[in-house]
Amino acid sequence: MRISVAAGETLFREGDPPGPAYLIEKGAVEITATRDGARMVLGTLGGGDLLGEMALIDQAPRTASATALEECALLVIDRSQIAERLAQADPIIRALLEGQLKRYRGALAVMQGQAPAEDGAPDAAELLGIGKIRLEAQLREALNQRALDLRLQPLLDIPRGSVGGYEALIRWTHPERGPVSPAEFIALAEETSLIVPVGEYVLDGACSALTTFHRQGGAQLPFIAINVSARQLAEERLIDRIVARTEAAGLPHAAVKVEITESQALDYPVVKAVIARCHEHGIQVALDDFGTGYSNLGHLHELGFDTVKVDQSFARTMLKSPRAMAIVRAIVTMVHDLGADVVVEGIETEEQLAVLRELGCRYAQGYLIGKPQPIEELLALPA
Ligand code: C2E
Ligand code: CA
Ligand code: CA
């Protein structure tokens with residue numbers, strides 16, 4: 001809604017209940033506050049400036065008055081227009097914004113000779129934002145102190161009847177909270193570029209584990225699959241680093257596999273380029289958590305994944321419902337026809353493993369085969 005305001009007219013006064021904000025299209029508005037009964041000019045706003053927007057953020061009473069200096073044309077900005085965006089905003093940004101606003105209002109109150117407002121209890125959104133800021137800082141510290149640990153979960157090579165390789169899964173034991181799920185801290189790290197050093201940490205750990213396996217000199221060197229998030233894919237140096245790290249350790253490039261999660265809205269051209277570069281170096285790429293995210297079959301034929309990992313939710317339901325089993329069977333057939341291997345995740349029972357054998361799946365992963373374990377424990381197992 002567009003309104004016009006005559007010169008000298010007041011839009012709102014100090015102490016008024018919260019109301020809409022305005023975008024000045026034409027004209028000038030003076031912002032004033034009272035101090036010891038005297039009128040004090042805080043500023044003059046003109047075309048393109050926002051006015052009264054603080055109330056949209058914190059719904060507190062007006063802390064200043066706004067008076068048109070000349071005839072003004074204003075667009076009225078309703079709270080609902082901002083509220084939705086605010087609700088969707090990153091909690092960290094919201095906490096910063098709300099914190100700044102509180103401080104500004106407090107400073108204004110002091111300047112006006114009032115007692116500073118009681119610092120009210122932070123609301124849920126603010127606590128969430130502050131909590132994330134704290135967790136992220138602690139995660140950075142854990143990374144610097146190399147305090148994250150890597151667990152390896154075995155993948156059974158079904159036709160060979162032995163462990164073909166491992167998936168590297170990261171763990172963080174928080175100093176106060178105890179173990180924090182990677183589902184929580186990886187998501188946090190993915191929101192910023194922090195995921196990049198986390199990924200490098202995992203790669204370094206995987207290469208050192210591979211070196212240990214290599215020295216043990218088993219019949220066949222197992223592979224280690226590392227999880228790579230969408231944000232890391234855009235980083236040129238990821239593949240270079242895999243190549244450099246494996247070469248420095250005297251390992252074949254193929255000892256490292258890359259897992260890309262389907263649930264991240266995949267940027268197909270980027271993924272395609274990453275797969276091509278991996279293949280140049282003999283590194284295999286798996287599509288993770290297949291069947292849970294976008295399952296964009298329209299693109300699957302263009303992406304030359306070497307392996308498709310069927311999400312563990314299918315293992316859980318396939319023996320309970322013939323319809324779920326029909327889907328698993330169809331996925332396995334389709335993936336084989338595309339020339340890729342199938343891993344089914346979350347295998348916890350012999351019955352589930354028997355199904356995979358019958359369907360001709362290459363790999364099984366899950367607690368039946370083994371839980372994610374530190375490498376020292378794996379080395380202590382009978383070969
Ligand atoms: P994911 O890649 O799908 O990893 C498999 C998850 O399933 C792991 O959880 C594993 O512990 C769990 N799992 C394996 N077998 C079974 C089973 O038989 N039953 C059940 N109920 N669960 C099983 P985890 O370790 O909590 O990891 C969760 C997710 O965190 C991973 O899902 C992966 O997306 C992410 N993640 C873990 N480590 C990394 C990492 O180093 N980098 C990145 N980018 N993401 C990681
Ligand atoms: Ca994975
Ligand atoms: Ca998975």
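Just after helix H12, Gly339 takes a positive phi of about 85 degrees, in a model that is predicted, where local features need pLDDT of at least 70, side-chain atom pairs count only at pLDDT 80 or more, and totals for chains, interfaces and linings use all residues. Residues are numbered from 1 along each chain as its sequence is written, chains are lettered from A and ligands numbered from 1 in the order in which they are written, and side-chain values use heavy atoms, with hydrogens and water left out. The names of helices (H or I, at least four residues) and strands (E, at least two) refer to DSSP runs, numbered from the N terminus.

Helix H12 itself covers residues 322-337, and because a helix is expected to advance 1.5 Å a residue, its 16 residues should span 22 Å, which agrees with the 22 Å between its end C-alpha atoms; the expected span is taken as 1.5 Å times one less than the number of residues. Within H12, Ala324, Met325, Val328, Ile331, Val332 and Val335 are buried, where buried means under 20% relative accessible area, exposed means over 50%, and partly exposed lies in between, with a 1.4 Å probe and protein chains only. Seen down the axis of H12, these buried residues fall within an arc of 120 degrees, so they line one face of the helix; the arc is that of the directions from the helix axis to the C-beta atoms. On the other side of H12, Pro322, Arg323 and Asp337 are exposed. The cover over the buried residues of H12 includes strand E14, strand E15 (307-310), helix H11 (312-317), strand E16 and helix H13, with contact meaning heavy atoms within 4.5 Å.

Two of these elements, E14 and E16, lead on to the metal sites. The calcium ion (ligand 3) has as its protein donors Asp288 (OD), Asp289 (OD), Glu345 (OE) and Glu345 (OE), which lie 2.1 to 2.4 Å from it; donors are N, O and S atoms within 2.8 Å of the metal (3.2 Å for Na, K and Ca), and water is not among the atoms, so sites may look incomplete. Along the chain, the donors of this calcium ion (ligand 3) follow the spacing D-D-x55-E. Distant parts of the chain are linked here, since Asp289 belongs to strand E14 (residues 285-290) and Glu345 to the loop between strand E16 (341-344) and helix H13 (350-359), 56 residues apart. Both Asp289 and Glu345 are buried.

A second ion, the calcium ion (ligand 2), lies 3.9 Å from the calcium ion (ligand 3), and Asp288 coordinates both. The protein donors of the calcium ion (ligand 2) are Glu167 (OE), Asn227 (OD1), Glu259 (OE) and Asp288 (OD), at 2.1 to 2.3 Å. Here too distant parts of the chain are linked, with Asn227 in strand E12 (residues 223-228) and Asp288 in strand E14, 61 residues apart. Asn227 is partly exposed, with a relative accessible area of 29%, whereas Asp288 is buried, with a value of 4%. Glu259, found in strand E13 (residues 256-261), is buried as well, with a relative accessible area of 2%. Leaving aside residues up to four places away in sequence, Glu259 touches Glu167, Ala225, Ile226, Asn227, Val228, Ala286, Asp288 and Lys309.

The strands can be followed next. Strands of a sheet pair through backbone hydrogen bonds, either parallel or antiparallel. Strand E9 (residues 148-157) is mostly covered, as eight of its ten residues are buried. E9 and strand E10 (residues 162-174) pair in the antiparallel sense over ten bridges, where two strands count as paired if DSSP finds at least two bridges between them. Leu152 has Ala168 in E10 as its bridge partner, and in the hairpin of E9 and E10, which has four residues between the strands, Gly161 takes a positive phi near 70 degrees. Three bridges also join E9 to strand E17 (residues 363-365), again running antiparallel, and there the bridge partner of Leu156 is Ala364.

Another sheet, an open one of four strands, has the order E1-E8-E3-E6 with antiparallel pairing. Strand E1 (2-5) and strand E6 (50-51) stand at its edges, each with a single partner strand, so one side of each is left without a neighbour in the sheet. Strand E3 (residues 21-26) and E6 pair over two bridges, and Leu23 has Leu50 in E6 as its bridge partner.

Finally, the protein chain as a whole is divided into domain 1 (2-111) and domain 2 (147-380), with bounds that come from an automatic or database domain assignment. The centres of the two domains, taken over C-alpha atoms, are separated by 52 Å.
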